[in-house]
Amino acid sequence: MLVLVLMSGWISGITPVSQAKVIGAWLFNEGKGNVAKDSAGNGFDLEVVKGKWLEGGGSYDGALGFSMATYAWIEVKKKDAEFNLDKGEFTIITRGYLTGLSSCCAGIPRWEALSGDFDRAGWLIHPDTGAPDYVFSWWYNDGGWTKAGSSGALKFKAEWHQFAVTFDTKRILMYLDGEEIADFPANRGPTPFEDGGTLTYSRDRCCVPPRMFTGAIDESLIADEAFSAAVIAESAKKGLQNTAAFRQVFAVDARGKLATTWSRLKTLN
């Protein structure tokens, strides 16, 4: 059954995204606990700090809520460089809504130095203030901070939005809800740091007090491949797990469910 599901992408002419190209993917469907699982199976599970699970409250199944009042965020700390996107292609996708921002902004997600050195932080998808409207921007550090592009004003309180950034070693493209909103030349990605860093949602270590937001995150994915506009558009419309090109990526979870189901069937027999 699982093999047929995985093969359906090739049969329909869809080019699957290699699981090896996906660094991490988070669906935020756990509903409880203090861990947001890396559904790509690479072990980049996120620690949930005072986040509130919204079972059935996301665009696709569950979601994870954040509140500035309870000082909530999620993060994964790594001493290696998996999230340093400086040399090759990359794609970053995230879906969320906002109802409030502290200070000016907060990364959702943000990759920064473990030391919290603002001048060395790598990159972030960045909602900017302007309540009741907010603007999504893409910032990266290539020897200095660059605001590469942004969306128009969005009413996050009323709607979920998907924001995506791709880099194919020559150009950076930005997408809002599957539609391209910016295209500009770039010959490299963000400046890396050798001692690793922290991937966070909601909390920016750059400032005191940290920048945070109130709202929710539904899905997010980071890969070292520039996905096509068609894949971005389908993921915006259907969600990550329902996108044909990602079936192999999420097959890790499917294998576990299949093994559990098979075990139960054997028990019943």
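Me: What does "buried" mean for a residue here?
Reply: Buried means under 20% relative accessible area. This is a predicted model. Phe90 falls in that class, and Trp138 does too.

Me: Which kind of aromatic pair do Phe90 and Trp138 form?
Reply: Planes under 30 degrees apart count as stacked, over 60 as edge-to-face, and the rest as tilted. Phe90 and Trp138 have 45 degrees between their planes and lie 5.8 Å centre to centre, so they are tilted.

Me: Where in the chain do Phe90 and Trp138 sit?
Reply: Phe90 is in strand S7 and Trp138 in strand S10 (residues 135–141). They are 48 residues apart, so this pair links distant parts of the chain.

Me: Which residues make up the cluster with Phe90 and Trp138?
Reply: Ring pairs join these two with Trp123, Tyr140 and Phe167.

Me: How many aromatic pairs are there by this rule?
Reply: The count is ten. One of them is Phe66 with Phe213. Their ring centres are 5.2 Å apart and their planes meet at 45 degrees, so this pair is tilted. Phe66 belongs to strand S5 and Phe213 to strand S16, so the contact ties together parts 147 residues apart in sequence.

Me: Are Phe66 and Phe213 buried or exposed?
Reply: Both are buried.

Me: Why is S16 called largely enclosed by the rest of the structure?
Reply: Look at burial along the whole strand. S16 spans residues 213–223, and ten of its eleven residues are buried, so the rest of the structure largely encloses it.

Me: In a regular strand, where do the side chains point?
Reply: They alternate between the two faces of the sheet.

Me: Which strand joins S16 over nine bridges?
Reply: Two strands pair if DSSP finds at least two bridges between them. Strand S7 (residues 90–101) pairs with S16 over nine, in the antiparallel sense. Within that pairing, Thr94 has Ser220 as its bridge partner.

Me: How many bridges join S1 to S16, and how many join S5 to S16?
Reply: Strand S1 (residues 22–26) has four bridges to S16, running antiparallel. There, Val22 stands opposite Ala223. Strand S5 (residues 63–66) has three, also antiparallel. Phe66 stands opposite Gly215 in S16.

Me: What do S10 and S11 form?
Reply: They form a hairpin, with three residues between the strands. Five bridges join S10 to S11 (residues 145–150), and the two run antiparallel. Ser137 has Ser150 in S11 as its bridge partner. In the turn, Gly143 has a positive phi of about 90 degrees.

Terms used: Residues numbered from 1 in each chain as written. Predicted model: local features only at pLDDT ≥ 70, side-chain atom pairs only at ≥ 80, totals over all residues. Heavy atoms only, no water. Buried < 20%, exposed > 50% of the residue type's maximum accessible area, 1.4 Å probe, protein only. Phe/Tyr/Trp six-rings, centres within 6.5 Å; stacked < 30°, edge-to-face > 60°.
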